[in-house]
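Student: Please give me a close look at one part of this model, and then show me how the rest of the structure fits around it. I would like one connected answer.

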Protein chains: 2
Amino acid sequence: MIRKGEYIRDILAGDVGRPVVAHGWVKTRRDSKGIHFVQINDGSCFADLQVVIENGAIEESVLKQVTTGASVRVEGELVPSPASGQPVELKAKAIFVYGTADPASYPLQKKGHTMEFLREIAHLRPRSNTFGAVFRVRNALAKAIHDFFQERGFLYVHTPIITTSDCEGAGAMFGVTTLDLMNLPRYGEGPRIGEIDFSQDFFGKPAYLTVSGQLEAEIFALAFTNVYTFGPTFRAENSNTPRHLAEFWMVEPEMAFCDLQDDIALAEEFLKAIIAKVMDECLPDLEFFNKRFDPQVLETLEHVVKSSFAHVSYTEAIEILQKSGRNWEFPVHWGADLQSEHERYLTEEVFRRPVIVTDYPKEIKAFYMRVNEDGRTVRAMDVLAPRIGEIIGGSQREERYDVLLQRIRECGLSEENYWWYLDLRKYGSAPHAGFGLGFERLMLYLTGMKNIRDVIPFPRTPGSAEF
Amino acid sequence: MIRKGEYIRDILAGDVGRPVVAHGWVKTRRDSKGIHFVQINDGSCFADLQVVIENGAIEESVLKQVTTGASVRVEGELVPSPASGQPVELKAKAIFVYGTADPASYPLQKKGHTMEFLREIAHLRPRSNTFGAVFRVRNALAKAIHDFFQERGFLYVHTPIITTSDCEGAGAMFGVTTLDLMNLPRYGEGPRIGEIDFSQDFFGKPAYLTVSGQLEAEIFALAFTNVYTFGPTFRAENSNTPRHLAEFWMVEPEMAFCDLQDDIALAEEFLKAIIAKVMDECLPDLEFFNKRFDPQVLETLEHVVKSSFAHVSYTEAIEILQKSGRNWEFPVHWGADLQSEHERYLTEEVFRRPVIVTDYPKEIKAFYMRVNEDGRTVRAMDVLAPRIGEIIGGSQREERYDVLLQRIRECGLSEENYWWYLDLRKYGSAPHAGFGLGFERLMLYLTGMKNIRDVIPFPRTPGSAEF
């Protein structure tokens, strides 16, 4: 047994004068007057542990292997550090090098790498300061999301990744198949002659990767009252932008006996709680982002946690935009969707805090949203945040069988595909609502990172699915 | 706002004499001497809340809608219950029916449905006693897994679902494509003439659904020391059995500075901790399984939590099997894989507790497992459990560059595909180990359910990906 001792996080918080065994990777090494200062990190926290090697304490043959990137075990004594910014340091008595890292070829030397270069070495970038911080924040955020819902009695549901229904029409979908593309089976006769015979495919029909777990989550909400999904979703859109991924994680709570107002209240409570939790757990990481990437990160997050979100209907929002006297790139009129410029104006200039916009025209929202009494708007709500725009989208769902059926037809969807979704409105239907949060979008907000490829371990984008 | 009051779980645990608002679905209704007894359930716990409606307390027009499957809000007073098995009941003062369920057509009437039928109505089965219990256990198990690792400082990593490397060769893979199958682009000239031009596909090359996140988890372990994945994985095997799914969830911890013995110790601690946690959180659900599905469930689980797992090398296990005097269906000899009959003999008859088998012949294990000094075996470990067989498979990983490269070549794999995996052994390599747990396999163990299709919300199997 190796028995990895303590995390560096715990060593740094511990008492001096005791024996310590530390494991980690060498970040930097500095030699001064026969004394060697080696920073090691094990990923458990932003701070490195400083190892001090006095003259002659360690054999020269070992010492020369202690270079940036090497993995080491250091045994020694924890002593007060004379250096500023660190209370303790480790006085080395023995060092074992598990794995060297040739300084001539190790790609992650200490210097400013571009984000583009670091993406190419996605197998090493987790060891850098930046990506160490990113993935600790990502872990803390995921944990905060689970904790938030579990503490409130929400059931975690694993909705399916592979689906045979192109529901929602939320966007282009990836096909999933086991057919041999070089020898596709085709109908040899009959009315479908020449077409591909999907009865020979794995699922007996065309299958896709899910774009949302919402419809299946509704099934579970109408049995367990409060549920949530947290899993990967997919869009096959050819969008090569800093804000789009083909594979990303989404959080989707769904609540029965819940209307739009309850939904809004939960969304606000949720955002504040998880941001506060991450600030609590990862402050040194966030301070690093604030210093290195975006000097407004911490201020913005604190503001979101403390502020009371503004509430405005879509119709009111349109009036505000029309009265603004601005020259909008995208013209503003009732019925048009809000664009980024409009969202930023509302959040950053008019309300100066997150804004929840409700009751959108039904034409620009999905078929499943509950139709208001006016017949023109639906019980949708989008949470817009300063600097980032829409961060949450949700709605009360149409729980009335007849109205839902009519909406499915109006939207040109196939009612046979939705037989079970309609069934939910036939048997024990209840008012229910939910929302979706794009996990990586929130990660951008928390870290101030500019490219969504840099807040997910292995980004999938058009032309790229490496690692 | 509807403000869903309390969960029925909390109402049942609460004090009598106070006003209560309950929401839920009607399980059953019984009328006796002008008094109506209605059991309602909101999914928060196994037990129903009994609503007592006294003669004339509720209007007849409402009362006649209170049938099995209807969703209701009941306001009333919590009073002591004279009935056995329930401390309190709700004396109704007002009832509101949100959604009716026509008794003539509602499929989930109170009677013994077959599991096959319930699979066909996967949108309603979560409301049944059985599937209510299954999905509460599933939630508790998922939570226990996250808690176990988070409490120990493990970082949760989202490894990718879509991959372009057919790593590991762990099984048949699903293809992922956005090509129009009816009009596949083909090379019109050159050496690949007639072949499909995947440069026009979304990722510019053939892409698949992942079979394991292990290799990517190793990247993160070699930066954050202790990490875990918990996400969906896929096998395109045409196995129509009660133990196979095409889409299932897997848990994969990976630890740096960790050898096989540390790995084994963690696996045992992990299994015991999460089973104990679920027993603690979901006892009424487990008691139901014990009563209805398998009278040994609780006893077996208690035994696993309390017993010390047996340890035996593969070579010793083979000797035990050879000396057993049994007539094995699958012949036993050094070099052959253990079959179900062998696993059951070891766990149920020889050791009568979970058994960890280590150091398998390298020929029957994956290329990435660390080769032992004997050159014939690898540092693999499988945890076998009574009644179910292999439940965890793991290993120490080969951390030596030269040995790994040789194994990749021996196994006929392409070393270019593994460039980054080899890089991890070139730069700061360290002993590391991990294991994989099939989430649904463990669900079978916890619930005593016989078919893996009945422990996942929406099973994906050959020919079936409904809902």
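**A helix and its surroundings**

Tutor: Happy to. In this predicted model, the buried residues of H8(B) pack against three helices of chain B: helix H6 (260-281), helix H7 (283-292) and helix H13 (439-447). Helix H8 of chain B covers residues 297-306, and the buried residues in question are Val297(B), Leu298(B), Thr300(B), Leu301(B) and Val304(B). Around the helix axis they cover an arc of only 165 degrees, so they sit on the same side of H8(B). The face turned away from that buried side carries Glu299(B) and Lys306(B), which are exposed. If you colour the helix by accessibility in your viewer, these are the residues to pick out: Val297(B), Leu298(B), Thr300(B), Leu301(B) and Val304(B) as buried, with Glu299(B) and Lys306(B) as exposed.

Now look at the other chain. In helix H8 of chain A (residues 297-306), the buried residues are Val297(A), Leu298(A), Thr300(A), Leu301(A) and Val304(A). These cover an arc of only 165 degrees around the axis, which places them on the same side of H8(A). Glu299(A) and Lys306(A) are exposed on the other side of H8(A). What covers the buried residues of H8(A) includes helix H6 (260-281), helix H7 (283-292) and helix H13 (439-447) of chain A.

How do the two chains relate to each other? A turn of 180 degrees, with a shift of 0.0 Å along the axis, lays chain A on chain B with an RMSD of 0.0 Å. That is the relation of a two-fold axis. In chain A, the C-alpha nearest this axis belongs to Val176(A), at 2.4 Å from it. As for the contact between the chains, 100% of the interface residues of chain A are also interface residues in chain B, so the copies meet through the same surface.

A wider view of chain A gives the helix its setting. Chain A has 13 helices and 16 strands, and its C-alpha atoms fill a box of roughly 85 × 60 × 45 Å along the principal axes. Of its 467 residues, 61% are buried. The surface that chain A exposes comes to about 18200 Å², with carbon and sulfur atoms supplying 48% of it. Of the contacts in chain A between residues at least 6 apart in sequence, 66% join residues at least 24 apart.

A strand makes a good companion to the helix. Five of the five residues of strand S3 (residues 49-53) of chain A are buried, so this strand is largely enclosed by the rest of the structure. In a regular strand the side chains alternate between the two faces of the sheet. For S3(A), Leu49(A), Val51(A) and Ile53(A) point one way while Gln50(A) and Val52(A) point the other way, and all are buried.

What does S3(A) pair with? Strand S2 (residues 35-41) of chain A pairs with S3(A) in the antiparallel sense over five bridges, and within that pairing Gln39(A) has Gln50(A) as its bridge partner in S3(A). With strand S5 (residues 88-99) of chain A, S3(A) pairs in the parallel sense over two bridges; here the partner of Val52(A) in S5(A) is Lys91(A).

In chain B, you can follow these strands into a closed barrel. Its five strands run S1-S2-S3-S5-S4 (chain B), with mixed pairing, and the twist from one strand to the next averages 55 degrees. Within the chain, strand S2 (residues 35-41) of chain B and strand S3 (residues 49-53) of chain B pair in the antiparallel sense over five bridges, and Gln39(B) has Gln50(B) as its bridge partner in S3(B).

Finally, since you will probably look at backbone torsions, here are two loop residues. Thr225(A) is not a glycine, yet its phi is positive, near 70 degrees. Thr225(A) lies in the loop between helix H5 (214-224) and strand S10 (226-234) of chain A, and at 0% relative accessibility it counts as buried. Arg352(B), also not a glycine, has a positive phi of about 55 degrees. Arg352(B) is found in the loop between helix H10 (340-350) and strand S13 (355-361) of chain B, and with a relative accessible area of 58% it is exposed.

Methods: Residues numbered from 1 in each chain as written. Chains lettered and ligands numbered in written order. Predicted model: local features only at pLDDT ≥ 70, side-chain atom pairs only at ≥ 80, totals over all residues. Heavy atoms only, no water. Least-squares fit on C-alpha atoms with pLDDT ≥ 70 in both. Contact = heavy atoms within 4.5 Å. Pairing = 2+ DSSP bridges. Helix = DSSP H or I, 4+ residues; strand = E, 2+ residues; numbered from the N terminus. Axes fitted to C-alpha atoms, helices over the stretch in contact; angles between N-to-C directions. Buried < 20%, exposed > 50% of the residue type's maximum accessible area, 1.4 Å probe, protein only. Areas by Shrake-Rupley, 256 points an atom, 1.4 Å probe, with all protein chains shown as cover. Arc of directions from axis to C-beta.
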